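Okay, thanks for coming, everyone. I'll put the structure up and we'll go through the metal sites and then the sheet.

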Amino acid sequence: MPIATRAFAATAADKPLTPYSFERRDPGPDDVLIDIKYCGVCHSDLHAARSETGRSTYPLVPGHEIAGVVKAVGSNVTRFKVGDRVGVGCMVDSCRECASCQEGVEQYCVPGFTGTYGGKDRKGGTDQTITQGGYSDHITVDQHFVLSIPDSLPLDAAAPLLCAGITTYSPLKEWGVGPGSRVAVIGLGGLGHMAVKLATAMGAEVTVLSTSDRKKADAERMGAQHFLINSDKDAMKAAAEKFDLIINTVSATHEIASHIQLLARDGTMIMLGLTTEGLPVFALPLLWRRRRIAGSLIGGIRETQEMLDFCARHGIACDIETIAPDQINEAYERMEKSDVRYRFVIDMASLAA
Ligand SMILES: [Zn+2]
Ligand SMILES: [Zn+2]
């Protein structure tokens, strides 16, 4: 019996999200059926709902920061049982065969991972061929792509770790951040605030760069030791060559040349924001100090579990504002104005009430 599912969906690029019902596949041998309790609201959701990063297929149920409780498991599932606290992030499947999948970095799957929403479903099982995300009361996911949420993490504040958390954790680990590292974070939003907390917990000296001092107190509370306003030319000059790693979370088109000057020799700037236009980069400041600009995309399943366990050990979760499902359109409007500290999380359980 397919699983009757209630959701909020976008029906067109220029329409608000509205209530929507559809069916999930019945759990197969390797599947976990999850009662969704909370779903974080990521900027990518808004882009997808509005077809801003390629044309979406409608109706589209966004949401890839899912936290909930196991409702049923298939016969091959050994890692999870009914009642377990679990999460699902940006991926629900991948080819499982390519070099990236074999190495556990499924996000770089060569034929492409299956996105939690708007992806071509590799499993099928209902007439649904396009995956639908977490703005819904249930989801059926292959056990390989289900994460265990440690007991000490609250489900609501843990939900955004599945995208915002892992997206920042992965490059911090990959570039070896630890005690003594000097890390700068550009932009204190959903991603940025997690980068500050995680880098601080790893032992780094963290600086936040922002366009105003509105969030200075928040940055310090999260562990940042320094705060820089990036239009302050003197302060920027004084910070030249100070950082080993810059986590750049800005998704709007922005000026990066002055920020590259902040990198020490062999320093790297990690681009995490999805800018839709090119950014001018000059060769001289790069070659002069052997600096690098790199990208990074979410994280693999194994690393996502490692991140959740790390957060539990260090008592880290997201700063959230919980909303009801029917407040999602208003939340999108506020996100566009960066009016959220620091992630909206939808209380999906109220959808089932
Ligand atoms: Zn996301
Ligand atoms: Zn693959």
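So, zinc ion (ligand 1): its protein donors are Cys-42 through SG, His-64 through NE2 and Cys-163 through SG, sitting 2.0 to 2.2 Å from the metal. Keep in mind that this is a predicted model. Along the chain, those donors follow the spacing C-x21-H-x98-C. His-64 comes from the loop between α1 and β4, Cys-163 from the loop between α3 and α4, and that pair links parts of the chain 99 residues apart. His-64 and Cys-163 are both buried.

Now the other one, zinc ion (ligand 2). Here the protein donors are the SG atoms of Cys-95, Cys-98, Cys-101 and Cys-109, at 2.3 to 2.4 Å. What's the arrangement of the 4 donor atoms? They subtend angles of 104 to 118° around the zinc ion (ligand 2), so it's tetrahedral. The spacing in sequence is C-x2-C-x2-C-x7-C. Cys-95 is in the loop between β6 and α2, and Cys-109 in the loop between α2 and β7, so the pair ties together parts 14 residues apart in sequence. Cys-95 and Cys-109 are both buried, too.

Okay, on to the sheet. We've got 6 strands in an open sheet, ordered β12-β11-β10-β13-β14-β15, with parallel pairing. At the edges are β12 and β15, each with a single partner strand, so one side of each has no neighbour in the sheet. From one strand to the next, the twist averages 20°. If you zoom in on β11 and β12, they pair over 4 bridges, and Leu-209 stands opposite Leu-228 in β12. Then there's α4, which packs on the sheet and touches β10, β13 and β14. The direction of α4 makes about 160° with that of β13.

Terms used: Residues numbered from 1 in each chain as written. Chains lettered and ligands numbered in written order. Predicted model: local features only at pLDDT ≥ 70, side-chain atom pairs only at ≥ 80, totals over all residues. Heavy atoms only, no water. Donors = N, O, S within 2.8 Å, 3.2 Å for Na, K, Ca; no water. Tetrahedral: all angles 85-135°; square planar, octahedral: opposite > 155°, others 65-115°. Helix = DSSP H or I, 4+ residues; strand = E, 2+ residues; numbered from the N terminus. Buried < 20%, exposed > 50% of the residue type's maximum accessible area, 1.4 Å probe, protein only. Pairing = 2+ DSSP bridges. Axes fitted to C-alpha atoms, helices over the stretch in contact; angles between N-to-C directions. Contact = heavy atoms within 4.5 Å.
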